[in-house]
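Trainee: Hi! Could you walk me through this one while I have it open?
Mentor: Happy to, let's bring it up.

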Amino acid sequence: MFGKRGPDTPTKAPVPLAALVPVVREPSPATPVAAAAPARRVSEPAPTPPATAAKIRPDSYYETKSKVFAALIDTIDLSQLARLETEAAREEIRDIVNDIIAIKNFAMTIAEQEDLLSDICNDVLGYGPLEPLLARDDIADIMVNGARQTFIEVAGKVQEAGVRFRDNQQLLNICQRIVSQVGRRVDESSPICDARLPDGSRVNVIAPPLAIDGTVLTIRKFKKDKLTLDQLVTFGAISPEGAEILQIIGRVRCNVVISGGTGSGKTTLLNCLTRYIDEDERIITCEDSAELQLQQPHVVRLETRPPNIEGEGEITMRDLVKNCLRMRPERIIVGEVRGPEVFDLLQAMNTGHDGSMGTIHSNSPRECLNRIESMIAMGGFSLPSRTVKEIVTGSIDIIVQAARLRDGSRRITHITEVLGMEGDVITTQDLFVYDILGEDSRGKLMGRHRSTGVGRPAFWDRARYYGEEQRLARALDAAEIKGAGAS
């Protein structure tokens with residue numbers, strides 16, 4: 001049976017074995033049963049909250065919730081609960097909580113009881129107060145600064161969410177539940193951890209003693225419906241002609257680096273570009289936390305591993321990229337390049353794995369190239385500067401720059417080719433740029449995407465090899481005409 005049974009615990013009337021009946025402890029003598037108001041049983045799950053900031057609840061609500069939760073944990077058999085399907089377990093918990101509220105005679109409105117039922121189900125089966133935030137598709141980031149303060153990012157702007165945790169221990173327990181799903185841990189001996197949710201959302205946890213005011217949890221959410229280039233056009237992140245150029249770049253196997261700052265949409269853009277990879281290609285992805293959602297049938301996903309408690313067993317990004325070369329890849333995609341693994345990625349791009357892609361943190365295409373050189377130097381490679389530059393220019397074809405503007409909008413600001421060397425300087429040319437023209441009455445930035453007038457990009461021969469040169473010429477001409485007309 002679902003509830004705990006003991007020699008001193010009265011049981012309810014016999015029921016069919018197919019049904020799991022919740023068992024609630026009898027009230028103490030100080031609590032008269034006759035005075036208990038009949039609780040409203042709720043058989044349907046609580047509706048999803050509207051896309052607004054959650055309401056702030058009084059301290060008395062959380063005190064009641066703590067008492068009900070303690071009684072629930074003392075009543076149910078968690079081992080039996082684990083055997084049930086999620087929906088069945090949720091219904092059983094709701095029934096028991098209804099009984100507890102009735103027997104303990106808590107004074108609650110129907111709305112408060114509904115909220116309490118939903119919250120406790122989330123605490124036991126899900127991620128507690130995070131559940132309603134994770135269910136909202138309009139939230140881009142969730143930032144938990146200790147048990148009593150949570151912020152969210154909506155439409156590019158940060159606002160406080162009216163949710164809080166019972167205490168810091170509950171917050172840490174939820175963080176441990178998240179990271180344990182991907183074989184990682186977070187505690188005092190390992191207080192920093194990167195992980196992911198089942199939908200690919202990126203998770204970072206930093207726990208005490210490093211986080212002074214309680215565990216800090218940051219979640220970068222990904223939309224349930226993966227964005228496409230067409231949707232980015234609708235949002236104004238890129239023009240239709242620019243989107244077509246990006247499609248061609250992905251189709252003709254250019255080596256691409258997506259550059260941008262934190263939260264600029266690099267991973268989203270990388271997901272969009274991979275949609276135009278042919279389905280007969282073998283793709284291998286390497287990531288710190290598996291976030292990419294490729295749609296091709298032949299994809300191998302690899303993920304790094306942190307060291308264990310003894311400090312052993314670490315598998316770095318560089319180890320993964322090296323191993324990729326032995327796995328017969330046609331394209332290698334690195335989720336985020338942060339260190340010396342950039343050298344191995346460049347070597348892969350330059351030795352027959354055309355169409356490889358990666359992302360890097362930088363604020364402009366030129367800075368992206370400088371950062372690549374710096375990361376190679378950080379790896380301890382004793383190579384002359386000119387040799388490093390020649391490796392870079394021989395490997396990277398296109399840099400796509402993404403940016404998050406001050407009004408919260410995200411734009412693709414540059415599509416830039418890497419041409420070669422002039423002396424000791426890497427030369428580049430912009431094919432496509434975004435010009436900021438002003439600001440409207442609501443504080444939103446206005447701008448335009450335009451071609452820079454380059455008629456024959458450096459990858460023209462590659463486009464012709466794949467039969468895409470006419471399409472590329474039309475896209476560049478259309479963007480140049482539109483840009484000239486707008487100015």
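Mentor: We'll start with the whole chain and then turn to two helix pairs, bearing in mind that this is a predicted model.

Trainee: Sounds good. How many helices and strands are in the chain?
Mentor: The chain holds 15 helices and 15 strands.

Trainee: And what share of the residues counts as buried?
Mentor: 48% of the 487 residues in the chain are buried.

Trainee: What about contacts between residues far apart in sequence?
Mentor: Take the contacts in the chain with a separation of 6 or more: 58% of them join residues 24 or more positions apart.

Trainee: Let's zoom in on α4. Where does α4 run, and what is its reach from first C-alpha to last?
Mentor: Helix α4 covers residues 110-125, which is 16 residues. From its first C-alpha to its last it reaches 22 Å, close to the 22 Å expected at 1.5 Å a residue.

Trainee: Is α4 largely enclosed or not, and why?
Mentor: It is largely enclosed by the rest of the structure, because twelve of its 16 residues are buried.

Trainee: Which residues in α4 are buried?
Mentor: Among them are Leu116, Leu117, Ile120 and Val124, and the buried set also includes Glu114, Asp115, Asp119 and Asp123.

Trainee: Okay, so how does α3 sit against α4?
Mentor: Helix α3 spans residues 86-104, and its axis comes within 9 Å of the α4 axis, crossing at roughly 130°. The two helices are therefore oblique to each other. The crossing of α3 past α4 is right-handed.

Trainee: Which residues meet there?
Mentor: On the α3 side they include Ala89, Arg90, Ile93, Arg94 and Val97, and on the α4 side they include Gln113, Glu114, Leu117, Ile120 and Cys121. By class, the contact of α3 with α4 has ten nonpolar, five polar and three charged residues.

Trainee: Changing topic: at what angle do α12 and α13 pack?
Mentor: Helix α12 (residues 365-378) packs on helix α13 (residues 385-395) at about 125°, and their axes are 10 Å apart. That angle makes α12 oblique to α13.

Trainee: Left-handed or right-handed crossing?
Mentor: α12 passes α13 in a right-handed crossing.

Trainee: And what are the contact residues in that pair?
Mentor: Leu369, Ile372, Glu373 and Ile376 come from α12, and they meet Ser385, Val388, Lys389 and Val392 of α13. The contact of α12 with α13 divides into five nonpolar residues, one polar and two charged.

Trainee: Great, thanks, that gives me plenty to look at!

Definitions and conventions
Residues are numbered from 1 along each chain as its sequence is written. This is a predicted model: local features need pLDDT of at least 70, side-chain atom pairs count only at pLDDT 80 or more; totals for chains, interfaces and linings use all residues. Side-chain values use heavy atoms; hydrogens and water are left out. Helices (H or I, at least four residues) and strands (E, at least two) are DSSP runs, numbered from the N terminus. The expected span of a helix is 1.5 Å times one less than its number of residues. Buried means under 20% relative accessible area, exposed over 50%, partly exposed in between (1.4 Å probe, protein chains only). Axes are lines fitted to C-alpha atoms, for helices over the stretch in contact, and angles run from 0 to 180 degrees between N-to-C directions. Angles under 35 degrees count as roughly parallel, over 145 as roughly antiparallel, 65 to 115 as roughly perpendicular and the rest as oblique. A crossing is left-handed if the near helix is turned anticlockwise from the far one by less than a right angle, and right-handed if clockwise. Contact means heavy atoms within 4.5 Å. Ala, Val, Leu, Ile, Met, Phe, Trp, Tyr, Cys and Pro count as nonpolar, Asp, Glu, Lys and Arg as charged, and the others, Gly among them, as polar.
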